[in-house]
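Let's take a friendly walk through a protein model, one feature after another. Keep the picture open beside you as you read.

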Amino acid sequence: MSVAETAILIGGGGHAAVVADAARSMGIGTILCLDDDSRVAEACERAGMTLSGAIEELPGVIGKISQPMIVHAAAGGARLRKKWLNEAQELLGEAALVAIIHASAVVSPSARIGAGVFIGPQAVVNARVEIERGAIINSGAIVEHDCVIGPFSHIAPRATLGGGAQVGSMSLIGIGAIVLPGIKIGSETILGAGALARENLPDAVTAFGIPARVASPCQS
Ligand code: JB2
């Protein structure tokens with residue numbers, strides 16, 4: 001049985017299209033989205049979601065739906081995702097912010113998954129992992145046992161975190177990057193695509209390469 005009949009995605013860009021597919025894989029039949037840019041309507045339609053207005057119209061759109069629903073902040077960028085998730089929570093409480101998890105993802109029963117989390121196709125979230133509020137575990141990412149992923153962080157496609165690794169809040173682990181077991185990545189930090197973190201990284205830096213070296217204070 002599906003967790004809801006309708007999903008309302010806040011945001012109608014590329015990430016929302018991926019979230020829409022995952023929502024459908026969970027059996028959610030109706031997918032609406034909100035975006036301030038009406039030019040995304042055609043691309044939304046192609047991805048099987050109906051653009052139902054600008055973001056400020058969320059309360060009105062929610063008010064018209066009588067079936068069980070999920071509201072999801074579907075922005076790739078952490079700041080926007082945090083803003084939208086907090087706004088949705090104020091309107092509806094945490095119960096409507098159920099995580100959207102693609103049916104092909106493997107998620108351990110002992111993992112804890114926070115409100116508003118997205119877990120993409122073929123991602124693996126192993127035993128005793130904590131995925132905190134609003135985080136993204138994107139397509140094919142692997143999060144090994146006992147990792148902690150902080151609020152609104154994004155583990156990009158095919159990134160891999162060894163057992164017990166930790167990521168702070170609002171950070172990005174880039175496409176295909178590797179974080180060795182037990183390594184701690186700070187908050188608002190970016191680990192570049194394909195990088196290998198074998199030492200801890202502090203808050204608010206950007207690091208690239210194998211092994212990863214800090215390139216600059218983070219500009220995001
Ligand atoms: O500042 C903003 C703003 N920035 C983008 N204010 C408001 N109100 N809306 C904003 N948006 C809207 O968010 C845009 O209209 C857009 O339709 C939507 C999503 O932004 P975008 O399409 O730029 O990216 P995304 O968040 O869907 O996806 C990014 O992150 C994913 C994880 C991309 O980098 C993807 O390639 C990536 N897979």
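The tour goes from a sheet and its helices to a pair of cysteines, a nonpolar core and a few backbone details.

Keep in mind that this is a predicted model. Start with the open sheet of four strands, whose order is E3-E2-E1-E4, with parallel pairing. Strand E3 (50-51) and strand E4 (69-73) stand at the edges with a single partner strand each, so one side of each has no neighbour in the sheet. As general background, strands of a sheet pair through backbone hydrogen bonds, either parallel or antiparallel. Here, E3 runs parallel to strand E2 (residues 30-34), and two bridges join them. Look for Cys33, whose bridge partner in E3 is Leu51.

Now add the helices. Helix H1 (residues 14-25) lies across strand E1 (6-10), E2 and E4, and runs at about 165° to E1. Helix H4 (residues 78-92) also packs on the sheet, where it touches E1 and E4; its direction makes about 150° with that of E4.

Let's return to Cys33. Why does Cys33 form no bond with the closest cysteine sulfur, in Cys44? The two sulfurs are 3.4 Å apart, which is too far for a bond, because a disulfide needs sulfur atoms within 2.5 Å. The structure as a whole holds zero disulfides. Cys33 is buried, with a relative accessible area of 0%, and Cys44 is buried with a value of 0% too.

Next, find the largest nonpolar core, which has 31 residues. Ile137, Ile173 and Leu191 are those with the most contacts inside it. Leu191 gives you a good place to look around: leaving aside residues up to four places away in sequence, its contacts include Leu172, Ile173, Ala197, Leu201 and Ala212.

Finally, turn to the backbone. Most residues other than glycine have a negative phi, and most peptide bonds are trans. Gln122 is not a glycine, yet its phi is positive, near 60°. You can find Gln122 in the loop between strand E8 (118-119) and strand E9 (124-125), and at 57% relative accessibility it counts as exposed. Glu188 also has a positive phi, of about 55°, although it is not a glycine. Its place is the loop between strand E19 (184-185) and strand E20 (190-191), and it is partly exposed, with a relative accessible area of 33%. Your last stop is the cis peptide bond between Ile210 and Pro211, with omega about -10°. Pro211 sits in the loop between strand E22 (205-208) and strand E23 (213-217).

Methods: Residues are numbered from 1 along each chain as its sequence is written. This is a predicted model: local features need pLDDT of at least 70, side-chain atom pairs count only at pLDDT 80 or more; totals for chains, interfaces and linings use all residues. Side-chain values use heavy atoms; hydrogens and water are left out. Buried means under 20% relative accessible area, exposed over 50%, partly exposed in between (1.4 Å probe, protein chains only). A nonpolar core is a set of buried Ala, Val, Leu, Ile, Met, Phe, Trp, Tyr and Cys residues joined through side-chain atoms within 4.5 Å. Contact means heavy atoms within 4.5 Å. Two strands pair if DSSP finds at least two bridges between them. Axes are lines fitted to C-alpha atoms, for helices over the stretch in contact, and angles run from 0 to 180 degrees between N-to-C directions.
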